[in-house]
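Trainee: I am new to this structure and would like to get to know it through one part. Could you pick a place where elements pack together, look at it closely, and then show me what surrounds it?

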Amino acid sequence: MGNRSVDPSDTQKSYNQVLAQEIRAGLREFNRSSSSLFLSAVSAGLDLGFTLIAVAAVATLAHGQSELVSQLLTANAYTVGFIFVILGRSELFTEHTTLAVLPVLDRQRSIWDLASTWGIIYAGNILGGLIFAGFAVVIGPEFGIFELSVLGKIVAPYTTHSTLGLFGGAVLAGWLMGLLSWLVTAVRDSSGRIFFVWFTTLLIGFTHLPHSIAGHIEMTAAVLATPLGIGAYSHFLLVATLGNAIGGVFFVALVKYGHVARGSTGETGLTGGYMQVYEQSQQSGENEKGAVNED
């Protein structure tokens, strides 16, 4: 693979550039104060709530449409909150299942740092989502945006699966969200970022894969407005959170870091963390370029 030069007009970066940028982004989040990180996570939970509004509105208006048309419309509505959150750069737990792991794999942060960061972001997302769900249950029917009865239909895919099935779907959702973080970093233009956010979350919404934070907002609204019990909500949140975390960590963070870092270390003959190797190779390239210019 190597540290090949990239034409500025290219829309895609090299694997080395993407991994280095992802690690730097993860380190920036580790270096933020706990209060700043928490408020950003609350903001993400609030913003993601617009997915609930959009999905519930479409589910209400699409009543009587064919199943395929209804599913496509609902899946497109599902993307709204994710576009707000990811392009707005607030902190979403399912992105950080990959992003925050990379500095740990690179031996620049500890497992304790990871657990602390995850906990702050997760708590903020849950709080923000809880506030928005309560607000939506009141405002939605009041303004004729959606009917409360559709909330039970929205969460039905989360309550009809076995625990193993729910967990497997959550692993896939976490995998896709981790991959989304990588893809958003890989492209250089805003239109490409929007496309990948839209397409990836459309796939999650169309297939009803369990996303712990978006699902938390939907399930909370259903608990508040329908006969759905707190036990079903708690079961969903626990299983979806574990599945999302495993999907993001194992299938994206470990695999992406492993193949890029091992390839770079092997090519340069250097040892140490990936960022050490990358920065040394970049410095070496700059020195060689300077020497050529002097000649």
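Mentor: Happily! Read from the N terminus, the elements follow the order α-α-α-α-α-α-α-α-α-α-α-α. That comes to 12 helices and zero strands, where helices (H or I, at least four residues) and strands (E, at least two) are DSSP runs numbered from the N terminus. Please keep in mind that this is a predicted model: local features need pLDDT of at least 70 and side-chain atom pairs count only at pLDDT 80 or more, while totals for chains, interfaces and linings use all residues. Residues are numbered from 1 along each chain as its sequence is written, and side-chain values use heavy atoms, leaving out hydrogens and water.

Two totals set the scene. Of the chain's 295 residues, 49% count as buried (buried is under 20% relative accessible area, exposed over 50%, partly exposed in between, with a 1.4 Å probe and protein chains only). Of the contacts (heavy atoms within 4.5 Å) between residues at least 6 apart in sequence, 82% join residues at least 24 apart.

Our close look is at helix 6 and helix 10. In general, two packed helices are described by the angle between their axes and the distance between the axes. Helix 6 covers residues 111–142 and helix 10 covers residues 212–225; their axes lie 8 Å apart, at an angle of about 40°. An axis here is a line fitted to C-alpha atoms, for helices over the stretch in contact, and the angle runs from 0 to 180 degrees between N-to-C directions. Helix 6 and helix 10 are therefore oblique to each other (under 35 degrees is roughly parallel, over 145 roughly antiparallel, 65 to 115 roughly perpendicular, and the rest oblique). The crossing of helix 6 past helix 10 is right-handed, meaning that the near helix is turned clockwise from the far one by less than a right angle.

Who meets whom? Helix 6 brings Tyr122, Asn125, Ile126, Gly129, Leu130, Ala133, Gly134 and Val137, and helix 10 brings Ile213, His216, Ile217, Thr220, Ala221, Leu224 and Ala225. By class, this contact of helix 6 with helix 10 has 10 nonpolar, five polar and no charged residues (Ala, Val, Leu, Ile, Met, Phe, Trp, Tyr, Cys and Pro are nonpolar, Asp, Glu, Lys and Arg charged, and the others, Gly among them, polar).

Now pause at Asn125, in helix 6. Asn125 counts as buried, because its relative accessibility is 0%. A polar atom of its side chain lies 2.7 Å from the backbone nitrogen of Phe93. Setting aside residues up to four places away in sequence, Asn125 touches Ala41, Val42, Ala44, Gly45, Glu91, Leu92, Phe93, Ile213 and His216.

His216 leads us on to His211, which sits in the loop between helix 9 (190–206) and helix 10. His211 is buried too, with a relative accessible area of 0%. A polar atom of the His211 side chain is 3.1 Å from the backbone nitrogen of Ala214. Beyond its neighbours within four places in sequence, His211 contacts Leu48, Tyr78, Phe82, Leu92, Thr94, Met177, His216, Phe236 and Asn244.

Ala225 also belongs to helix 10, but it counts as partly exposed, at 27% relative accessibility. Leaving out neighbours within four places in sequence, Ala225 is in contact with Val137, Leu148 and Leu151. From Ala225 to Val150 the C-alpha distance is 9.9 Å, with their positions 75 residues apart in sequence.

For contrast, turn to helix 8 (residues 163–186) and helix 9, whose axes come within 10 Å and cross at roughly 175°. Helix 8 and helix 9 are therefore roughly antiparallel to each other. Ala173, Leu176, Met177, Leu180, Leu183 and Val184 of helix 8 meet Arg193, Phe196, Val197, Thr200, Thr201, Leu203 and Ile204 of helix 9. That contact of helix 8 with helix 9 has 10 nonpolar, two polar and one charged residues.

One last stop is the loop between helix 5 (101–105) and helix 6, where you will find Arg107. Most residues other than glycine have a negative phi. Arg107 is not a glycine, yet its phi is positive, about 65°. At 61% relative accessibility, Arg107 counts as exposed.

Technical notes. Polar contact = N/O pair within 3.5 Å; in protein donor to acceptor, adjacent residues only side chain to side chain.
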